[in-house]
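Reader: Please take me through one part of this model, closely and in short steps. I would like to see what surrounds it, too.

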Amino acid sequence: LLGYVAANYLATKGALYRAQSEERFEKYVARRHPVLGWVTQKDDSEVDAVGSRLIPAYPATENPCVSLYGYSFTLSSDVDSSIACSNQLSILLKCRVNNFGTPGYGSDQAYLKFIHNRSDTAPIVLLAHLSENLLRNVNRYAWLQYPGASFHFKPRFLAGKNESLRLLPPLLPTRDTFRKIIA
């Protein structure tokens, strides 16, 4: 029993390899976003009509003054909506602050989420960035960085000539390629 518990813990830290199941791969493929990769935020009961985390201080979704995009710190993943940074900022600014943070997102994905978010009408947008995002921005398969991340395939920007950026879409291996990966 102790060995089982220890092996499960070590697998989540990347110390032991645990192959992903084909069934979980199929579930990922069915719900992935073609541009963003994964779209996990909070569960649906904690997201409002515009896709923002609930803002208890300003529940009406009209006329936001600021929108936040970023990763789990932006979302305030581990705390209740009432003490999340977006709700606290709403109280300080006396206006609604939307929160479109998504756990595990690099600044590239957060930017793409902003670009594709038609329901965001805030005149000011803040894009959160953490030094760890440098690794997230160049990695296209989150399992390499976070072994418990399962099938988090993401897009990536490449710097081109003349300071242009080229978007590489999220990886989506075929079923055969996936079998080779887990083998």
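Author: L127 lies in strand 3, residues 124–127 (strands are DSSP runs of E, at least two residues; helices are runs of H or I, at least four; both are numbered from the N terminus). The model is predicted: local features need pLDDT of at least 70, side-chain atom pairs need 80 or more, and totals for chains, interfaces and linings use all residues. Residues are numbered from 1 along each chain as its sequence is written, and side-chain values use heavy atoms, without hydrogens or water.

L127 has a relative accessibility of 42%, so it counts as partly exposed (buried is under 20%, exposed over 50%, partly exposed in between; 1.4 Å probe, protein chains only). L127 also belongs to a nonpolar surface patch. Its partners there are Y111, F114 and I115. Together they make about 340 Å² (Shrake-Rupley areas; patch residues have over 30% relative accessible area and no salt bridge, with nonpolar side chains joined within 5 Å).

Now look at helix 5, residues 107–116. Helix 5 gives the most to the patch, with 3 residues. Other residues of helix 5 are buried: S107, D108, Q109, A110, L112 and K113. What do these buried residues pack against? Strand 3 is one partner (contact means heavy atoms within 4.5 Å). Strand 1 (66–69), helix 6 (133–138), strand 4 (156–159) and strand 5 (165–168) are partners too.

Stay with D108. It forms a salt bridge with K154 (a side-chain nitrogen of Lys or Arg within 4 Å of a carboxyl oxygen of Asp or Glu). The closest N and O atoms are 2.7 Å apart. This pair links distant parts of the chain: D108 sits in helix 5, K154 in the loop between helix 6 and strand 4, 46 residues away. Both ends are covered. D108 has 6% relative accessibility, so it is buried. K154 has 3%, so it is buried as well.

Set another pair beside this one. R179 forms a salt bridge with D176, with the closest N and O atoms 3.3 Å apart. Both residues lie in helix 7 (residues 175–182). They are 3 residues apart, about one turn of the helix. R179 has a relative accessible area of 37%, so it is partly exposed. The salt bridge count comes to 6.

Finally, step back to the protein chain. It has 7 helices and 5 strands. Of its 183 residues, 37% count as buried. Its C-alpha atoms fill a box of roughly 55 × 50 × 30 Å along the principal axes.

Notes
Patch = residues over 30% accessible without salt bridge, like charges linked within 9 Å, V, L, I, M, F, W, Y side chains within 5 Å. Areas by Shrake-Rupley, 256 points an atom, 1.4 Å probe, with all protein chains shown as cover.
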